[in-house]
Amino acid sequence: MSLNDILHYLRLGGVTLALLIFASVAALIVAVERIIALWGVGERSRALGETVNKHLLRGDVLAARTAAERSDAVAADIFLAGFDRMERSRTAGGAGIEAAVERERAQVALKLRRYLWILATIGSITPFVGLFGTVAGIMRSFKDLGLDVEAGGTGGSAAVMTGISEALVATAVGILVAVQAMVFYNYFQARLSRVLVELRLIGDEFVELLKERAAGLPPSEPMTPEPQAAPATRTDAQPA
């Protein structure tokens with residue numbers, strides 16, 4: 001198919017084909033953005049998890065928290081949520097750490113799934129948009145056939161078949177755009193499922209170690225100076 005043929009079909013497609021092309025470009029933009037956002041997510045999270053757990057096994061909670069604060073991995077937010085909760089619940093032996101980590105893990109999952117709904121929407125509606133363009137094109141072809149007969153033409157099927165073949169381009173493009181969007185969507189869903197499982201395993205091990213450290217730490221008490229005894233004053237007996 002030459003460039004002139006493609007431009008010809010684009011002109012015939014009108015608004016419907018323009019919408020399908022826009023949807024295809026949008027799906028491609030979302031896919032590129034998600035590829036960049038998810039690049040190395042699992043590797044960085046695993047590396048940070050190993051570092052944090054190593055510090056916790058040595059009993060160095062401060063070093064573990066510092067490592068999480070300096071990291072740009074998505075798991076850092078999960079670790080920091082656990083550390084914050086531990087600081088607030090030291091008197092209760094680390095109660096609530098698991099719930100805090102689970103809430104933050106759900107927030108991280110929402111961030112990782114961002115914009116995927118666009119791919120799902122494009123994959124589900126573009127075939128119907130293409131079908132609508134085809135139906136509109138067939139209606140236009142039969143209308144032209146009727147006008148040709150009224151004007152004294154032969155009403156041959158050649159003109160109708162040509163119009164229908166051109167109208168079917170909208171359905172073909174709609175199916176291609178849907179396939180493109182669903183391939184991207186399924187790829188990201190499979191990749192995110194693996195990443196979320198890894199985050200769950202990392203978070204569960206982190207919670208166990210953090211609870212052990214929280215249970216072994218003494219409760220925080222205000223640092224008040226101990227009262228000192230007043231110096232004894234020596235009184236010499238005076239002679240009577």
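Which residues does V52 touch, not counting residues up to four places away in sequence? Keep that question in mind while we look at the whole model, which is a predicted one.

Let us start with the overall plan. The protein contains seven helices and zero strands. If you follow the chain from the N terminus, the elements read α-α-α-α-α-α-α. Of its 240 residues, 32% count as buried. Among contacts with a separation of 6 or more, 78% join residues that are 24 or more positions apart.

Now for the inside. The largest nonpolar core holds 40 residues, and V52 is one of those with the most contacts inside it, along with L56, F79, F83, L112, L199 and F206. At least two residues of this core come from each of α1 (3-37), α2 (41-57), α3 (61-70), α4 (75-88), α5 (97-112), α6 (116-150) and α7 (157-216). The helix that gives the most is α7, with 12 residues. Here we can return to the opening question: setting aside residues up to four places away in sequence, V52 touches A64, F79, F83 and F206. Try finding V52 in the picture and looking for these four partners around it.

Next, take a pair of helices. Two packed helices are described by the angle between their axes and the distance between the axes. For α3 and α4, the angle is about 140° and the axes are 9 Å apart. Their crossing is left-handed. On the α3 side, the contact is made by V61, A64, R65, A68 and E69, while α4 brings A76, F79, L80, F83, D84, M86 and E87. Sorted by character, the residues of this contact comprise eight nonpolar, no polar and four charged. You have met some of these names already: A64, F79 and F83 are among the residues that V52 touches.

What does the side chain of S24 make a polar contact with? S24 lies in helix α1, and its side chain makes this polar contact with the side chain of Q180, at 2.8 Å. Leaving out neighbours within four places in sequence, S24 is in contact with V177 as well as Q180. There is also a pair to compare along the chain and in space: S24 and T126 are 102 residues apart in sequence, while their C-alpha atoms are separated by 9.2 Å.

Is E198 buried or exposed? This residue sits in helix α7. Buried means under 20% relative accessible area. E198 has a relative accessibility of 17%, so E198 counts as buried. Beyond its neighbours within four places in sequence, E198 is in contact with G42 and R46.

We finish with two residues around the end of α5. K111 belongs to helix α5. A relative accessible area of between 20% and 50% makes a residue partly exposed, and K111, at 46%, is therefore partly exposed. Apart from neighbours within four places in sequence, K111 is in contact with R34 and D77. The C-alpha atoms of K111 and V74 are separated by 9.3 Å, although the two residues are 37 residues apart along the chain. Y115 is found in the loop between α5 and α6. At 36% relative accessibility, Y115 also counts as partly exposed. Its backbone has a detail to look for: Y115 has a positive phi of about 75°, although Y115 is not a glycine.

Definitions and conventions
Residues numbered from 1 in each chain as written. Predicted model: local features only at pLDDT ≥ 70, side-chain atom pairs only at ≥ 80, totals over all residues. Heavy atoms only, no water. Core = buried A, V, L, I, M, F, W, Y, C linked by side-chain atoms within 4.5 Å. Buried < 20%, exposed > 50% of the residue type's maximum accessible area, 1.4 Å probe, protein only. Helix = DSSP H or I, 4+ residues; strand = E, 2+ residues; numbered from the N terminus. Contact = heavy atoms within 4.5 Å. Polar contact = N/O pair within 3.5 Å; in protein donor to acceptor, adjacent residues only side chain to side chain. Axes fitted to C-alpha atoms, helices over the stretch in contact; angles between N-to-C directions. Left-handed = near helix turned anticlockwise from the far one by under 90°. Nonpolar A, V, L, I, M, F, W, Y, C, P; charged D, E, K, R; others polar.
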